[in-house]
Amino acid sequence: MHWLTMMEMARGLESREFSATELVEHLLSRVAFVDGSLNSFITMDRERALIDAAHWDEARSRNQHPSPLAGVPMAHKDIFCTKNQRTTCASRMLEDFVPPYNATVVERLAEAGMVCLGKTNMDEFAMGSSNETSYFGPVRNPWDITRVPGGSSGGSAAAVAAGLVPLATGTDTGGSIRQPAALCGISGLKPTYGRVSRWGMVAYASSLDQAGLMARSVEDIACALSYIAGFDDFDSTSADEAVGDYIRMLDAPGKMKAGLPKQFFSDGIDAGVAAVMGKAVDALRALGIETVELDIPELRYAIPAYYVIAPAEASSNLARYDGVRFGHRCDTPADLEDLYKRSRGEGFGVEVQRRILVGTYVLSHGYYDAYYLTAQKVRHSIRRALKQALAQVDFLVAPTAPEVAFPLGSRNLDPVAMYMSDICTIAVNLAGLPALSLPVGFSSGLPVGMQLIGDDFDEAGLLQAGHLYQKNTAWHRHHPDVATYSGVE
Amino acid sequence: MEISSRDIAHLAHLARVAMDDDQNESLAHDLTQIMGMVEHMREMDSSGIEPLVHTQTAEQRMRADEVAWRNMREEALVIAPMVEKGYYLVPQVIGGGGGNTE
């Protein structure tokens with residue numbers, strides 16, 4: 001039952017093949033067996049999940065369920081505020097933080113009747129590409145538990161890949177949905193900036209952060225996106241753009257043309273990944289998608305510009321953690337400055353401190369023009385170049401990550417090497433565009449992801465192309481053998 | 001550009017993050033590496049390009065000036081580490097030589 005997709009679970013509930021309670025009980029027991037090895041959840045709420053499941057079973061028996069997803073289990077990345085359930089952002093700073101309200105994404109999926117099993121592990125404050133910066137310990141990759149799941153949404157990716165939930169939320173500031181989706185062999189969508197409300201999502205870099213979805217099929221993502229997308233009064237940066245019925249739009253794509261920016265296929269791409277990508281591009285061509293090579297030299301400057309803009313915004317956003325209003329507070333402060341400094345010194349882990357200091361540096365007197373303003377100009381060039389490319393083609397194709405999942409502990413002492421994990425994803429965030437990662441094969445037994453990048457608000461086009469690919473291939477139907485480390489099938 | 005542990009101590013003070021000497025040293029090394037990588041963006045000719053602050057071009061939508069939520073003062077205070085009589089509690093700031101009110 002655990003390998004059913006979200007839509008298959010919804011159909012099973014509709015045909016009374018199983019109840020929501022049976023489904024939730026099954027997945028909870030699977031979590032109990034498997035997650036000791038993976039560490040994909042920070043907080044579980046079994047009791048709440050079973051109460052919700054029973055509620056939707058009852059509502060379904062009276063035909064009064066709000067959506068086909070009523071009773072289907074899912075999980076939220078622990079960056080989304082959940083009312084009366086702690087939301088840690090994988091930080092000691094928020095270890096005991098219990099929000100007084102729900103994030104809009106949480107609220108909308110709850111209204112649709114989805115049952116949240118718990119909150120998934122992540123890199124602290126979403127800063128990381130390996131899920132090793134979590135205060136609650138690293139997440140392990142379900143395909144090989146000696147390797148990282150990617151990050152920052154590593155817990156969501158591992159939970160979906162291991163069959164613990166069919167759907168999980170994630171957030172993507174520089175690749176945090178797509179890169180872990182690729183490394184764990186699942187599908188992940190980063191919507192257009194503003195497509196989904198950021199209300200109640202703990203802020204990292206506000207001009208880049210976007211909420212999205214991770215699942216074992218594109219169809220599942222299309223369905224769930226229809227519920228979470230759209231304008232929100234509580235987020236003034238959410239876009240007032242029409243939301244499609246993405247499931248209905250999945251089929252009947254017209255003729256499509258894809259661009260292959262050569263920078264994404266050369267600089268630092270592992271040979272095994274490149275070989276799998278070559279076959280995936282051939283498969284797209286076999287499906288009737290025309291391809292054309294493109295040259296976008298501006299892409300080379302995405303990582304440097306990102307590591308000015310994101311830390312600058314982070315240093316400002318994270319100033320709110322002062323030990324006064326909420327979050328960690330040090331013991332017996334000597335004075336107010338000591339309270340601030342020790343609360344923040346104790347509450348933040350090393351990667352978060354690193355980025356706060358980089359942000360403080362690039363925004364400090366005398367350096368603002370040299371770094372921050374230059375980075376914003378580079379950002380503009382990148383967006384302009386990508387928009388020009390997308391005027392010629394329907395979407396761009398790239399590997400999602402330059403390599404497969406790397407061993408735990410192999411990179412966390414070298415921040416710059418770690419930052420290169422996002423070399424294929426970061427430009428998309430700088431430009432604010434939507435992108436979808438799909439599993440397209442294996443290299444050395446580990447999953448490889450392909451990324452499709454679309455124009456502003458063209459999630460439907462990306463989902464069509466991804467669905468077309470998944471209807472004709474079976475890579476998204478491959479599952480890791482969890483029996484090797486959990487003792488269950 | 002070389003960033004020294006003295007620079008780190010200054011930045012840590014500006015960012016109000018307590019740090020010991022070992023952390024200063026290792027962060028000095030890290031920030032030197034990171035800023036070295038960042039320097040590559042200067043290879044791009046960005047003259048004549050306007051800085052992009054935000055990718056959203058749509059105008060900000062105004063909502064009606066109505067109370068949307070009830071007052072959540074109590075809920076906000078409940079999650080604070082220390083409160084007294086409905087106020088956040090911090091070490092004494094004015095007078096008393098910076099003593100501790102806790």
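On the surface of this predicted model, Asp20(B), Asp21(B), Asp22(B) and Glu25(B) gather in a patch of negative charge. Such a patch is made of residues with over 30% relative accessible area and no salt bridge, with like charges joined within 9 Å; Asp and Glu count as negative, and the place of a charge is taken as CG of Asp or CD of Glu. Areas come from the Shrake-Rupley method with a 1.4 Å probe, with only the protein chains shown counting as cover for residues. One member, Asp22(B), sits in helix α2 (residues 21-38) of chain B, where helices are DSSP runs of H or I with at least four residues, numbered from the N terminus. Asp22(B) counts as exposed because its relative accessibility is 62% (exposed means over 50%, buried under 20%, and partly exposed in between).

Residues are numbered from 1 along each chain as its sequence is written, and chains are lettered from A in the order in which they are written. In this predicted model, local features need pLDDT of at least 70 and side-chain atom pairs count only at pLDDT 80 or more, while totals for chains use all residues; side-chain values use heavy atoms, leaving out hydrogens and water.

Turning to the charged pairs, the structure holds 24 salt bridges over all chains, each a side-chain nitrogen of Lys or Arg within 4 Å of a carboxyl oxygen of Asp or Glu. One of them joins Glu8(A) and Arg477(A) at 3.0 Å, N to O. This pair links distant parts of the chain, 469 residues apart: Glu8(A) in helix α1 (residues 6-14) of chain A and Arg477(A) in the loop between α15 (459-472) and α16 (483-486) of chain A. Glu8(A) is partly exposed at 22%, and Arg477(A) is partly exposed at 43%. Elsewhere, a network of salt bridges links Glu351(A), Arg354(A), Arg355(A) and Asp30(B).

The rings also find partners: there are 16 aromatic pairs over all chains, counting rings of Phe, Tyr and Trp (its six-membered ring) whose centres lie within 6.5 Å, with planes under 30 degrees apart called stacked, over 60 edge-to-face and the rest tilted. Tyr307(A) and Tyr419(A) are stacked, because their ring centres are 3.8 Å apart and their planes stand at 10 degrees. Both Tyr307(A) and Tyr419(A) are buried. Tyr321(A) and Phe326(A), in turn, form an edge-to-face pair, 5.6 Å centre to centre with 70 degrees between the planes. Ring pairs link these two into a cluster with Phe97(A), Phe125(A) and Phe348(A).

Key:
Patches are made of residues with over 30% relative accessible area and no salt bridge: like charges are joined within 9 Å, nonpolar side chains (Val, Leu, Ile, Met, Phe, Trp, Tyr) within 5 Å. Helices (H or I, at least four residues) and strands (E, at least two) are DSSP runs, numbered from the N terminus. Buried means under 20% relative accessible area, exposed over 50%, partly exposed in between (1.4 Å probe, protein chains only).
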